[in-house]
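Please open the model in your viewer with side chains available for display, and follow the selections below in order. The tour is concerned with salt bridges.

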Amino acid sequence: MSDIILEGKDLKKYYPIKTGVLRRTTGHVKAVDGVSFELRKGETLGIVGESGCGKSTLGRLLMRLEEPTDGHVFFGGEDMAKASTSQMRKLRRDIQIVFQDPYTSLNPRMTVGDIVGEPFEIHSDVIPKGGRRKRVQELLDLVGLNPEHINRYPHQFSGGQRQRIGIARGIALNPKVLICDEPVSALDVSVQAQVVNLLEKLQNELGLAYVFIAHDLSVVRHISDRVGVMYLGKLVELGEEDQVYEHPTHPYTQALLSAVPVPDPTLRGKRDQIVLVGDVPSPANPPSGCRFHTRCWRAQDVCKAEEPILQDRPDGVTQHRSACHFAEPRTVVERSE
Amino acid sequence: MNHEQATPTAAYQPVNGRLLEVEDLHVEFHTRDGVARAINGVSFTLDAGETLAILGESGSGKSVTAQAIMGILDMPPAKIPAGAIRYCGQDLLTMPEEQRRKTRGPEISMIFQDALSSLNPVFPVGWQIAEMFRMHRGMNKSDAKEQALRLMQRVQIPAAKERINSYPHQFSGGMRQRIMIAMAIALDPAVLIADEPTTALDVTVQAQIMNLLHDLQEERQMGLILITHDLGVVADVADRIAVMYAGRLVEKADILPIYAHPAHPYTKGLLDSIPRLDQKGQTLRAIAGLPPNLLRIPEGCAFNPRCYLAQDVCHRDLPSLREVAPGRWSACHFAEEVLDV
């Protein structure tokens, strides 16, 4: 399939745990432990999961900000791990990232013009020096900021505006893929919608593909074409947005969706709420077999012994990928109009 | 576990079930750059067994309202130039500090967003919960610890007996929030203020904590003030809502009508701008612009620069919070028009 632009194959990232005066490695935190997925041109793949599930590490692996312990990332069919330094430099133009915290991801001593124009300094052949300022102003205009504010500093902008600056920097080199790591989590509700709408507008105009990493399931549903659900370093479910939200087959996805409050008081007490007991186990010592078995109400002996594979399983309508031995659709979110 | 209802002590008796009455409260902060008017005339009431949600974005003054009720504002820089906060008819703002200290804790208590920084890192959690009983009830150490254990079991901390001597950092975020709830309800308060209690938590843990708060409120008939920005959480638990914007209440109503037919453009804007889990392909109508700087709140209605309905009168006259329909209060010159659509 030629329309696949980015592909992760069995990606793993283990961080060593070092203890004692000799700093000997006594174990590993398995932040990402065998994740495979594909991203198609111009689509949005949402990655959801709770804190510590490895979704941000996955984003950093795709950017090659972290070297994977194992596994491969293919961009346009090319293995990024095998790319030479100069090839990598070219590849980086095509994959950019927008971070969560607009307060710490912008250098306070640089003007907005310098921040958004910095990619052109590094990739100096993209635009000749004389045209850069004009291009930066175009970018500011594109993300809804006043181009005349090019000489201002980040502290002169609000959180939502700073996130627009981060997005302008992200799209400066005309990337094909933009990785958005919790881009709206730090923003107020009324401003969050502005940034979500901006991301959608940019996707339509520039044909970008997004990997949209977030913990807010409502925002992810709104923006994504396909959605992957992560739990303890693994993808447990992956499918089209309506497959995952309306016919989830993995118990964890079902519990996660059922826990999201819906802003409609008439549904109070009518929703099928699955309340999980206990906390997420430590990724340094994940449970055997299926990692969710310690909190799963459907767990059997096989779940402790054998790890379920992420593969197509029937969901009542069609089929999509799920990693559960007892995958079975259960409607927890009733669609309302 | 004794489930006696949290009736105020002899010193306090609610009048017709009314626990708390906040009237025309003003709070300002004196900063180097000028006076930030964080709260500009807020009035509401709270009855026993009722959940009032105070909804607003950052800077709307919702947390400052809670801190003013608890009497934990730093003064200076904060100043309360006008207003009254009456608990069972007695004004907390004019009451002597000694009496107020005896009210805070046994009568009104509060839980915060960030449990880790609200708990003392150098004492075991059991000791911190037991402190409530030692200080306020004069219990001896072993009785107090016994009570602490019962509370830890009540807030469903697994293996509470083994964990009573653990320190805050040894617990997960959700468990720490349970410990803070245990401390807050230790003395059977009549009013509990929860300031963004689940904002720092994951959704599955949020559901656990909200269910726990709901059960505790039912069994003790507490008045609960839930301060949050999350319209979803509010829809699940609140009886009434007060929406705040730039230090004022812009809308006040029972839960059901406000979601179906908001009476203020800001509330309507909020409801239109959040994506819903149970909807597909909806258009998010974002509210343009930004919340105002509290040092320079716009003339007239503070929402006028962002409002699609704004007319000359909105730039000139401050709309008062008025009853626009039975039980519906809105501070908008054009509330009737907003209600009609």
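## A tour of salt bridges

In this predicted model, begin by selecting Arg226(A) together with Glu43(A), whose side chains meet in a salt bridge with an N to O distance of 3.0 Å. Colouring by secondary structure will show that this pair links distant parts of the chain, with Arg226(A) in strand 9 (residues 226-231) of chain A and Glu43(A) in the loop between strand 2 (24-40) and strand 3 (44-48), 183 residues apart. Both Arg226(A) and Glu43(A) are buried.

Keep these two residues on display and add Glu38(A), Arg40(A) and Arg321(A), since together with Glu43(A) and Arg226(A) they are linked in a network of salt bridges.

Next, select Glu241(A) and Arg221(A), whose side chains form a salt bridge at 2.7 Å, N to O. Glu241(A) belongs to helix 8 (residues 241-246) of chain A and Arg221(A) to helix 7 (residues 217-223), so the salt bridge ties together parts that are 20 residues apart in sequence. Glu241(A) has a relative accessible area of 7% and is therefore buried, and Arg221(A), at 3%, is buried as well.

Now move to chain B and select Arg101(B) with Glu98(B), a salt bridge in which the closest N and O atoms are 2.7 Å apart. Here both residues lie in helix 2 (residues 97-103) of chain B, 3 residues apart, which is about one turn of the helix. Arg101(B) is partly exposed, with a relative accessible area of 43%, and Glu98(B) is partly exposed at 45%.

To continue beyond these stops, note that the count over all chains comes to 39 salt bridges.

Notes. Residues numbered from 1 in each chain as written. Chains lettered and ligands numbered in written order. Predicted model: local features only at pLDDT ≥ 70, side-chain atom pairs only at ≥ 80, totals over all residues. Heavy atoms only, no water. Salt bridge = Lys/Arg side-chain N within 4 Å of Asp/Glu carboxyl O. Helix = DSSP H or I, 4+ residues; strand = E, 2+ residues; numbered from the N terminus. Buried < 20%, exposed > 50% of the residue type's maximum accessible area, 1.4 Å probe, protein only.
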